[in-house]
Amino acid sequence: MTFLESIYLWNILKGMGITISHLFKKKATINYPEQKRSFSKVFRGLHVLNRDAEGRENCTACGLCAVACPAEAITMEAAERLPGEEHLYREEKYAARYEINMLRCIFCGLCEEACPKDAIYLSQTFAPPNYGRKGFIYKKEDLLIPHPVNEPEAYKKALGEKA
Ligand code: SF4
Ligand code: SF4
């Protein structure tokens, strides 16, 4: 061991050199949430319940997504469409209640794959943080995409990569 090594001066200088060299390198971190990273094309985030071009809900409450879900995160209740509700629901049956428990969900995308009606897809949005468990039970109102005719801008934004 040399004299410099025995008083740790060399190691301290070496460590400081490494620290200073990082000041001039590209930062690995970003100022989230002001800045956001672009996601990979295969990123799967928060679910969206889709509507057709006229704004009618696509979901027919067939339950295939719930059956396909390995985490048993989806629950729903079906209802019959009444005369005069054709502008609200595309099919004769619709989901009167539709819930996803995001604490169970593993964002595998199997619900999207199982759906025969293009009624559900995983968007490129995070589920926001929450302090309570109840805040992670997403109801139909939370999941439904904005109306394409009444709120075209919000609809286009929600469609994201699917547009
Ligand atoms: S993404 Fe996977 S785990 Fe989450 S609700 Fe869909 S099927 Fe279930
Ligand atoms: S989201 Fe699709 S698979 Fe799930 S109940 Fe609705 S139509 Fe069926």
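These are my notebook entries on a predicted model of a protein with two ligands.

**Overall layout**

I began with the secondary structure and found six helices and five strands in the protein. Reading along the sequence, I wrote down the pattern α-α-β-α-β-β-α-β-β-α-α.

Next I looked up the dimensions. Along the principal axes, the C-alpha trace spans about 90 × 35 × 30 Å. The radius of gyration came out at 24 Å, whereas a compact globule of 163 residues would have one near 15 Å. I also checked burial: 17% of the 163 residues count as buried. For contacts with a separation of 6 or more, I noted that 72% join residues 24 or more positions apart.

**The sheet**

I then traced the strands and found an open sheet of three, in the order E2-E3-E5, with antiparallel pairing. Which strands stand at the edges? They are E2 (74–80) and E5, and each has a single partner strand, so one side of each lacks a neighbour in the sheet.

I went through the pairings one at a time. E2 and E3 run antiparallel and are joined by seven bridges. E3 and E5 are also antiparallel, and there I got two bridges. Isoleucine 100 in E3 was a handy marker: isoleucine 74 stands opposite this residue, and so does tyrosine 138 in E5.

**The nonpolar core**

The largest nonpolar core has 21 residues, and the members touching the most others are Leu49, Cys59, Cys65, Ile74, Cys111 and Ile120. I asked which elements give two or more residues to this core. The answer is three strands: E1 (47–49), E3 (93–101) and E4 (120–122). E3 provides the largest share, four residues. As a general reminder to myself, nonpolar side chains tend to be buried together in soluble globular proteins.

I followed up on Ile120. Setting aside neighbours within four places in sequence, isoleucine 120 is in contact with His47, Leu49, Asn50, Cys65, Cys111, Glu112 and Cys115. Leu49, Cys65 and Cys111 are on that contact list and are also among the core members that touch the most others.

**The two ligands**

I looked at ligand 1 and counted 14 residues around it, with Cys69, Cys105, Cys108, Leu110 and Cys111 the closest. How does this shell divide by residue type? I got 13 nonpolar, one polar and no charged residues.

Ligand 2 also has 14 residues around it, and Cys59, Cys62, Cys65, Cys115 and Ala119 come nearest. That shell splits into 11 nonpolar, two polar and one charged.

I cross-checked these lists against the core. Cys111 is one of the closest residues to ligand 1, and Cys59 and Cys65 are among those nearest ligand 2. Cys59, Cys65 and Cys111 also appear among the best-connected core residues, those touching the most other members.

**Loops and backbone oddities**

I checked the backbone for unusual geometry. The peptide bond from tyrosine 32 to proline 33 is cis, with omega near 10°. Proline 33 sits in the loop between helix H2 (9–23) and E1.

Two residues other than glycine came up with positive phi. For glutamate 72 the value is near 50°, and for aspartate 118 it is near 55°. Glutamate 72 is in the loop between helix H3 (64–68) and E2, and aspartate 118 is in the loop between helix H4 (110–114) and E4. Is glutamate 72 buried or exposed? It is exposed, because just 11 other C-beta atoms lie within 10 Å of its own and the cut-off for exposed is 12 or fewer. Aspartate 118 counts as exposed too, with 12 C-beta neighbours inside 10 Å.

I picked two more loop residues. Leucine 82 is in the loop between E2 and E3, and it is exposed, with 10 other C-beta atoms within 10 Å. From leucine 82 to lysine 27 I got 58 Å, C-alpha to C-alpha, for 55 residues in sequence.

Asparagine 130 is in the loop between E4 and strand E5 (137–138). I found it exposed, with 11 other C-beta atoms within 10 Å. Beyond its neighbours within four places in sequence, asparagine 130 is in contact with Gly135 and Phe136.

Key:
Residues numbered from 1 in each chain as written. Chains lettered and ligands numbered in written order. Predicted model: local features only at pLDDT ≥ 70, side-chain atom pairs only at ≥ 80, totals over all residues. Near = placed C-beta within 6 Å. Nonpolar A, V, L, I, M, F, W, Y, C, P; charged D, E, K, R; others polar. Core = buried A, V, L, I, M, F, W, Y, C linked by C-beta atoms within 7 Å. Buried ≥ 20, exposed ≤ 12 C-beta atoms within 10 Å, placed from the backbone. Contact = placed C-beta atoms within 7 Å. Pairing = 2+ DSSP bridges. Rg over C-alpha atoms; globule rule 2.2 N^0.38 Å.
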